[in-house]
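Subject: Structure for your files, with notes

Hello,

Here is the structure I said I would pass on. My notes come after it.

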Amino acid sequence: MATSASAGGPGLGAAAAQLDINRAGAAELERGLVGIGRRRARGIVRKREELKGFASLEDLLRVKGITARTLELNRPRLACCAPTAPAQGRPAQQRPRAGEVPGRGARAGGGSSASRGAAAESEAEPSASSEEEEEEDGAAGAGGDLYFYYTVDERWIDYLERTEGGGLVRHARPKMKRKSESGLDGRAQSPGKKLCKGPERGRVLGPCVASPTATFGDLRNAKAGQARCRHVPPMTPPPELQDWLRTFQRWSGPEKLLALDELIDRCEPPQIKHMMQVIEPQFQRDFISLLPKELALYVLSFLEPRDLLRAAQTCRYWRILAEDNLLWREKCRDVGIEEPLSLRKRRLLSPGFMYSPWKLAFLRQHRIDMNWRSGDARPPKVLKGHDDHVITCLQFCGNRIVSGSDDNTLKVWSAVTGECVQTLVGHTGGVWSSQMRDNIVISGSTDRTLKVWNADTGECVHTLYGHTSTVRCMHLHGTRVVSGSRDATLRLWDIETGQCLHVLMGHVAAVRCVQYDGHKVVSGAYDYTVKVWDPETESCIHTLQGHTNRVYSLQFDGIHIVSGSLDTSIRVWDAESGNCLHTLMGHQSLTSGMELRDNILVSGNADSTVKIWDIKTGQCLQTLQGPSKHQSAVTCLQFSSKFVVTSSDDGTVKLWDLKTGEFVRNLVALESGGSGGVVWRIRASNTKLVCAVGSRNGTEETKLLVLDFDVALK
């Protein structure tokens, strides 16, 4: 606590006064600053003598044990005036003793003089007794009443002394730990107890307060010091004011409360506002700076990222806390960001502090999301190929795009440069299905074969023979791929050896869609059924019956199976038992595409609508429609944690908000839309969108559009 010379010692009015680091003594620094013990206080004094005075507050960082955080916590309490030559012996600001403070336990009588003498002889390393002597300087001699305050678990004993002028003086003295302590009369104290040195000294474990206590005005003066400002204009007080105040002072506590209650009822709003302006600031505390760093970070962890960024603008110390790397790591993981942003050189926030890589990753993702939502439309890269044929399948991974067409070829493109890197030639019929992993591409064709390609070299690694009709669908997992054909069979292949491992027979019509998780195969066919297979035994575990028309789309997460059919319904099945859990009704036509993540299902339909479902409850959460909805059948869709992207035969690609279902904007709108222009397929990553567009009547050239929403690293 900062102290200053006043009548009788350091008073309440000095609580907010600043300590001059070029004049304050070790004891004064110890009790006036937060986190400064006796050793560091002495270190400050020694460093000051070594430097011949401090030039600025930052010089305190040269003292061993003083950190930037400690300096920031104490900066409001400190001042650095021009250094002056210290006086001989005791520090210049110390005053001669005016007498012994009553009720100081073992420090009564001649013992104090002896200690002072010992302290004067040993300035270089003052003893514990001399430290206490310094803190008691000027604390007595006023001849007033004393009021003591004790804290059981703390080492500090505070007491107030009422002076002859009627004011209160606060004293703070560190309770020293000794092997034995004596009371006022020399009796040994019991361990764990502290004697109360007021009129009722027999009580223990305070507080022990003699009436009258400190008033709000005393505390207000202590906080404001000499700089206390009045909220009312200067005026001559009414003659009855002092009589009124003396009457109020004589009343008991309950009587004062009653009088205040009545007084408030008779006040007008401007007077109530004045009370609030006076009272509220006295109870405002920067609790974050007062808490240990771990607790402060725990409190800040409950803030949303937007609020955390605003909190960082409060003050320098809050900004340092709000830059904590672990704090931002948790914020990133909440939104699905798994990796921090790696910079070659981390930028300094201030001396000793750096920007958080996790925070930079979060801010980068936020800017990417804003680019998706409302960013300036940069011209897309246009990748022309396949002449005027239909692009039947599209794959996108990393910076590689693979498009398959009914012109019997596949093309490999660079998403960065837009160049066609390879053209995969070998099929003798149109390509209608494909899968990709790293540099391996698998394709299925109307020529009844599958081919395994090396996308880097364009080489056909394997040709897989076995199906007797068009390979219409496939699903890759690890090094195995399952293919479904119009010959009503499914085949499991090893893409490294090119061998057919298993043949699954049981459907009685063309297999239209298939899913494979490495353990079970799920297939949907034109025979209105969905089948669950054990590929190792080539046995059908379940035949899921319920649809009344062809099954066109499937999703499988290992637990739930979701099937979409031409009968307008979507069914949710339990993969283990084969039971139908929910029948999702609402679409009016063929469900052509679906995507499932956790319990959220998004379905696109030929009725031009998109619906968002919760498969655990069977409820429809949102229907993406309204004035900006698609005007024709939905051809493809994809969704993330924030957005849904949909394409349609109307020649548009639309962006929707996943949570609210609101239309955000058109990402692509073909000029030929509505007159033949079509978006056949879309594939998206976090930063890019690839669209396969064209037409069936020649009004739109067949091409790929690549939209980039990434942000540049600074």
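The notes below cover a cavity and then a histidine.

Please keep in mind that this is a predicted model.

Cavity

I searched the whole structure for enclosed space, and the search finds four cavities of 30 Å³ or more. This note takes up the second largest cavity, which holds about 50 Å³ of space. Its lining is made up of L33, I36, I44, L60, I66, T70, L71, N74 and L78. By type, seven of the residues in the lining of the second largest cavity are nonpolar and two are polar, with no charged residue there. Which helix gives the most to this lining? That is helix α3, residues 68-74, with three residues.

Histidine 547

H547 sits in the loop that runs between β24 (539-544) and β25 (551-556). Is H547 buried or exposed? H547 counts as buried because its relative accessibility is 5%, and the cut-off for buried is under 20%.

The side chain of H547 has two polar partners worth listing:

- the side chain of D567, in a polar contact of 3.1 Å;
- the side chain of S569, in a polar contact of 3.5 Å.

Both D567 and S569 also appear among the residues in contact with H547 once neighbours within four places in sequence are left aside. The others in that set are Y528, S563, S565, R571 and W573.

Regards

Terms used: Residues are numbered from 1 along each chain as its sequence is written. This is a predicted model: local features need pLDDT of at least 70, side-chain atom pairs count only at pLDDT 80 or more; totals for chains, interfaces and linings use all residues. Side-chain values use heavy atoms; hydrogens and water are left out. On a 1 Å grid over the protein atoms alone, a cavity is a set of points where a 1.4 Å probe fits but cannot get out, and a pocket is an open set with protein on both sides within 12 Å along at least five of seven lines; lining residues have an atom within 4 Å of a point. Grid points are joined across faces, edges and corners, and a volume is the space filled by probe spheres set on the points. Helices (H or I, at least four residues) and strands (E, at least two) are DSSP runs, numbered from the N terminus. Ala, Val, Leu, Ile, Met, Phe, Trp, Tyr, Cys and Pro count as nonpolar, Asp, Glu, Lys and Arg as charged, and the others, Gly among them, as polar. Buried means under 20% relative accessible area, exposed over 50%, partly exposed in between (1.4 Å probe, protein chains only). A polar contact is a pair of N or O atoms within 3.5 Å; within protein, one must be able to donate a hydrogen and the other to accept it, and residues adjacent in sequence count only if both atoms are side-chain atoms. Contact means heavy atoms within 4.5 Å.
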